[in-house]
Amino acid sequence: MDQVTSDAPPLFNSPLEAGIRAVTVLEAVRPLTLDLADLVVLDHAVVHSGDLGGPPSLHPAVPGRKGELLVRRALVEDSLGLMRRFHMVLICASDDGIEYRASDEAAAYVELLESGYSMRLKTAADWIAREVASK
């Protein structure tokens with residue numbers, strides 16, 4: 001039997017998937033800006049929100065999920081670069097360093113997301129925005 005191979009990148013935990021999560025979170029916390037470290041933690045939180053007392057998690061509760069933070073930084077950094085090329089994320093220089101915010105186009109993009117995963121993502125991002133605002 002011939003094996004089918006593809007040069008296409010994986011969708012699960014790809015820069016595209018993480019980028020959509022980043023844009024959704026940044027849009028939810030608008031007008032706040034977030035640095036890379038914040039976005040790494042919030043990406044983990046939006047994926048595993050159920051572990052933190054929020055809405056049901058986007059991804060399954062796999063045993064090694066706490067260790068994901070160690071490898072998530074490069075993925076989130078790549079995803080922000082991708083979303084910048086799509087004009088969904090802007091870089092802002094501040095006294096605290098480099099920060100990111102949702103572009104004006106991000107709101108319309110996030111509104112168009114209608115899949116089940118996307119709706120759960122928006123719910124989790126809104127929950128994160130409320131948590132960030134309360135701190």
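These legends describe close-up views of a predicted model.

Residues are numbered from 1 along each chain as its sequence is written, and side-chain values use heavy atoms, leaving out hydrogens and water. In this predicted model, local features need pLDDT of at least 70 and side-chain atom pairs count only at pLDDT 80 or more, while totals for chains, interfaces and linings use all residues.

**View 1. The whole chain holds five helices and two strands.**
Helices (H or I, at least four residues) and strands (E, at least two) are DSSP runs, numbered from the N terminus. From that terminus on, the order is α-α-α-β-β-α-α. The chain has 135 residues, and 41% of them count as buried. Buried means under 20% relative accessible area, exposed over 50%, and partly exposed in between (1.4 Å probe, protein chains only). The accessible surface comes to about 8,100 Å². Carbon and sulfur atoms account for 58% of that surface. Accessible areas come from the Shrake-Rupley method with a 1.4 Å probe; for residues, only the protein chains shown count as cover. Among contacts between residues at least 6 apart in sequence, 67% join residues at least 24 apart. Contact means heavy atoms within 4.5 Å.

**View 2. Helix α1 is largely enclosed by the rest of the structure, because 12 of its 15 residues are buried.**
Helix α1 reaches 21 Å from its first C-alpha to its last, close to the 21 Å expected at 1.5 Å a residue. The expected span is 1.5 Å times one less than the number of residues. Buried residues of α1 include Glu-17, Arg-21 and Glu-27, along with Ile-20, Val-23 and Leu-26. The buried set packs against α2, α3, β1 (89-94), β2 (97-102), α4 (104-112) and α5 (116-133).

**View 3. Helix α1 (residues 15-29) crosses helix α3 (residues 68-85) at roughly 75°.**
The two axes come within 8 Å. That crossing makes α1 roughly perpendicular to α3. Angles under 35 degrees count as roughly parallel, over 145 as roughly antiparallel, 65 to 115 as roughly perpendicular and the rest as oblique. Axes are lines fitted to C-alpha atoms, for helices over the stretch in contact, and angles run from 0 to 180 degrees between N-to-C directions. On the α1 side, the contact includes Pro-15, Ala-18, Arg-21 and Leu-26. On the α3 side, Arg-72, Leu-75, Asp-78 and Met-83 are among the partners. The residues of this contact divide into 11 nonpolar, two polar and three charged. Ala, Val, Leu, Ile, Met, Phe, Trp, Tyr, Cys and Pro count as nonpolar, Asp, Glu, Lys and Arg as charged, and the others, Gly among them, as polar.

**View 4. Leu-75 sits in helix α3.**
Leu-75 is buried, with a relative accessible area of 15%. Leaving aside residues up to four places away in sequence, Leu-75 touches Asn-13, Ser-14, Pro-15, Ala-18 and Arg-21. Val-40 lies 35 residues from Leu-75 in sequence and 8.7 Å away in space, C-alpha to C-alpha.

**View 5. Asp-43 belongs to helix α2 (residues 36-47).**
Asp-43 counts as buried at 5% relative accessibility. Beyond residues up to four places away in sequence, Asp-43 touches Ala-18, Arg-21, Arg-72 and Val-76.

**View 6. Two loops carry backbone features of note: a cis peptide bond and a positive phi.**
The peptide bond from Arg-30 to Pro-31 is cis, with omega near 15°. Pro-31 lies in the loop between α1 and α2. His-87 is in the loop between α3 and β1. Its phi is near 65°, a positive value in a residue other than glycine. His-87 counts as exposed, at 54% relative accessibility.
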